[in-house]
Amino acid sequence: MLSAPSAIIDSVEERRARKRRHDTAVRRRRVGLGVVALLAFLLGVVLGAGGGGKDAPSGGGSGAATAAPAKARAAVDRLTLEQQVGRMVILRFDGTQPPGYVRRVLHEGRAAGVILFRDNVVSPGQLSRLTASLREAMPDAIVCADQEGGEVRTLSWAGPDVSAGEQLAAHSVHDDARTAARYMKATGVNVTLAPVADVPSVAGAALASRAFATDPAAVAAAVTDAIAGWHDEGVATTAKHFPGLGGATVNTDDGPATVARTRTELDADLEPFRAAIAAGTEFVMVGHATYPALDGLHIASQSPAIVDGLLRGRLGFKGVVMTDSLEAAAVQPTGDVAQAAVASAQAGVDVILTTGRGSYIHVYRALLARAERDPRFRARMRASAASVLAAQSSLHG
């Protein structure tokens with residue numbers, strides 16, 4: 001296992017140079033979006049009109065539609081409905097090589113990519129062969145993995161070697177992310193499911209051991225540094241778990257969770273996500289907790305008020321919105337994976353993350369069936385497909 005990178009030199013000159021490099025990269029990412037903003041807006045209007053105008057449901061995809069560059073929107077027109085729906089799903093599989101059905105699904109464009117777990121990864125050489133096989137089937141496939149640091153690392157030989165809190169204490173957040181990104185990129189993994197932007201705010205916070213700090217400003221600064229490090233080596237980032245799981249005492253993987261924070265308190269918790277968006281994160285992962293102050297009826301990943309209203313509307317995020325694992329225990333009370341996927345898509349989510357063996361096909365079929373019979377839902381799919389295509393294009397140059 002590699003040793004942790006040496007501590008960064010905190011000279012004013014180096015910090016300024018790093019910021020200049022990162023700001024330049026962010027500006028380049030935004031140019032592709034800003035140049036076509038008006039045309040994209042018009043596309044959203046057309047889609048909305050086709051779906052019935054005022055009768056269109058909340059979470060109708062206006063954010064995704066306005067986010068996608070012209071090239072991606074044109075590419076959507078070349079996709080079948082099956083392929084457009086496929087861009088909304090990320091799947092997992094067993095083993096150290098992709099099974100035939102996974103390669104077939106990717107080759108046919110019926111998924112956006114895959115998530116890898118430790119049972120998929122043995123060594124750098126094996127991982128390189130695995131990802132090469134995936135890209136032979138789908139050249140622009142998303143290949144993502146949890147690589148937060150410390151115990152939460154899919155690639156055991158890559159960093160960050162220590163937890164988020166330890167990275168912050170050592171002033172090594174940027175360099176740790178950059179080193180990890182170098183190994184991920186070299187072995188074909190192009191999206192990290194990091195950084196954690198949650199701010200622990202209650203005693204016994206479930207994600208306390210995975211967070212950078214308990215102060216929103218400190219977390220925001222660390223998130224900015226981490227994203228810069230990942231981006232320096234060409235790995236896309238995923239800020240999580242929107243709108244913040246720091247107020248939960250139960251991990252949503254293990255059971256339902258309620259974050260009983262006021263609107264004012266939740267606004268403070270959003271500071272790291274604002275920083276992530278400003279830093280150019282390509283993905284934001286929406287969690288599965290319930291936030292009574294924002295929406296007492298839906299978990300976050302199924303809430304139009306949180307996804308389309310808060311993340312897209314108020315915070316202005318124009319990238320790809322991804323769910324946390326659809327198989328999380330907190331999702332189960334809302335229905336099976338097929339029902340949950342449709343609810344998340346209606347709320348404005350672009351990508352459904354399936355991590356259960358066999359879940360993919362149920363989710364894909366449910367989304368396709370809904371799109372086939374509902375023009376407004378079909379417009380939602382098309383907008384998300386354009387958003388995902390734009391992200392895939394940026395990952396592969």
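In the predicted model, strand β3, which spans residues 142-145, is covered on both of its faces. Ile142 and Cys144 point to one side of β3 and Val143 and Ala145 to the other, and all four of these residues are buried. Strand β3 runs parallel to β2, to which 4 bridges join it. Within this pairing, Ile115 stands opposite Cys144 of β3, so that one of the buried residues of β3 can be placed directly against its neighbouring strand, given that Cys144 is buried at under 20% relative accessible area.

Strands β2 and β3 belong to an open sheet of 5 strands, whose order is β6-β3-β2-β1-β12 and whose pairing is parallel. The edges of this sheet are formed by β6 (191-192) and β12 (352-353), each of which pairs on one side only. Strand β1, made up of residues 89-91, runs parallel to β2, made up of residues 113-116, and 2 bridges join these strands. In the pairing of β1 with β2, Leu91 stands opposite Val114.

Another open sheet contains 3 strands in the order β7-β8-β11, again with parallel pairing. Its edge strands are β7 and β11 (320-323), and each of them pairs on one side only. From one strand to the next, the twist averages 25°. Strand β8, residues 283-286, runs parallel to β11 and is joined to β11 by 4 bridges. The bridge partner of Val284 in β11 is Val321.

An antiparallel pairing is formed by strand β9 (residues 290-291) and strand β10 (residues 295-299), which share 2 bridges. The connection from β9 to β10 is a hairpin of 3 residues. Tyr291 has Asp295 of β10 as its bridge partner.

Among the helices, α9 (residues 173-186) and α10 (residues 216-232) pack against each other with their axes 7 Å apart and at an angle of about 30°. Angles under 35 degrees count as roughly parallel, and α9 and α10 are therefore described as roughly parallel to each other. Their crossing is right-handed. On the α9 side, the contact is made by Val173, His174, Ala177, Arg178, Ala180, Ala181 and Met184. On the α10 side, the contributing residues are Ala222, Asp225, Ala226, Ala228, Gly229, Trp230 and Asp232. Sorted by class, the contact of α9 with α10 comprises 9 nonpolar, 2 polar and 3 charged residues.

Several loops carry backbone features that call for separate mention. Most residues other than glycine have a negative phi, and most peptide bonds are trans. His171 is not a glycine, yet its phi is positive, at about 55°. This residue, His171, is placed in the loop between α8 (164-169) and α9. With a relative accessibility of 48%, His171 counts as partly exposed, because that class lies between the limits of 20% for buried and 50% for exposed residues.

Cis peptide bonds occur at two prolines, described in turn. Ala194 and Pro195 are joined by a cis peptide bond with omega of about 10°, and Pro195 is found in the loop between β6 and α10. The loop of Pro195 thus adjoins two elements already described, namely β6, an edge strand of the sheet of 5 strands, and α10, the packing partner of α9. The peptide bond from Phe242 to Pro243 is also cis, with omega near 0°. Pro243 lies in the loop between β7 (238-242) and α11 (263-269), and β7 is an edge strand of the sheet of 3 strands.

A contrast in position along the chain is provided by Ala383, a residue of helix α16 (residues 375-395). Ala383 has a relative accessible area of 4% and is therefore buried. The C-alpha atom of Ala383 is separated by 8.9 Å from that of Gln84, although the two residues are 299 residues apart along the chain.

Taken over the whole protein chain, the model contains 16 helices and 12 strands. Of its 397 residues, 57% count as buried. Among the contacts in the protein chain with a separation of 6 or more, 79% are accounted for by residues 24 or more positions apart.

Definitions and conventions. Residues numbered from 1 in each chain as written. Predicted model: local features only at pLDDT ≥ 70, side-chain atom pairs only at ≥ 80, totals over all residues. Heavy atoms only, no water. Pairing = 2+ DSSP bridges. Axes fitted to C-alpha atoms, helices over the stretch in contact; angles between N-to-C directions. Parallel < 35°, antiparallel > 145°, perpendicular 65-115°, else oblique. Left-handed = near helix turned anticlockwise from the far one by under 90°. Contact = heavy atoms within 4.5 Å. Nonpolar A, V, L, I, M, F, W, Y, C, P; charged D, E, K, R; others polar. Buried < 20%, exposed > 50% of the residue type's maximum accessible area, 1.4 Å probe, protein only.
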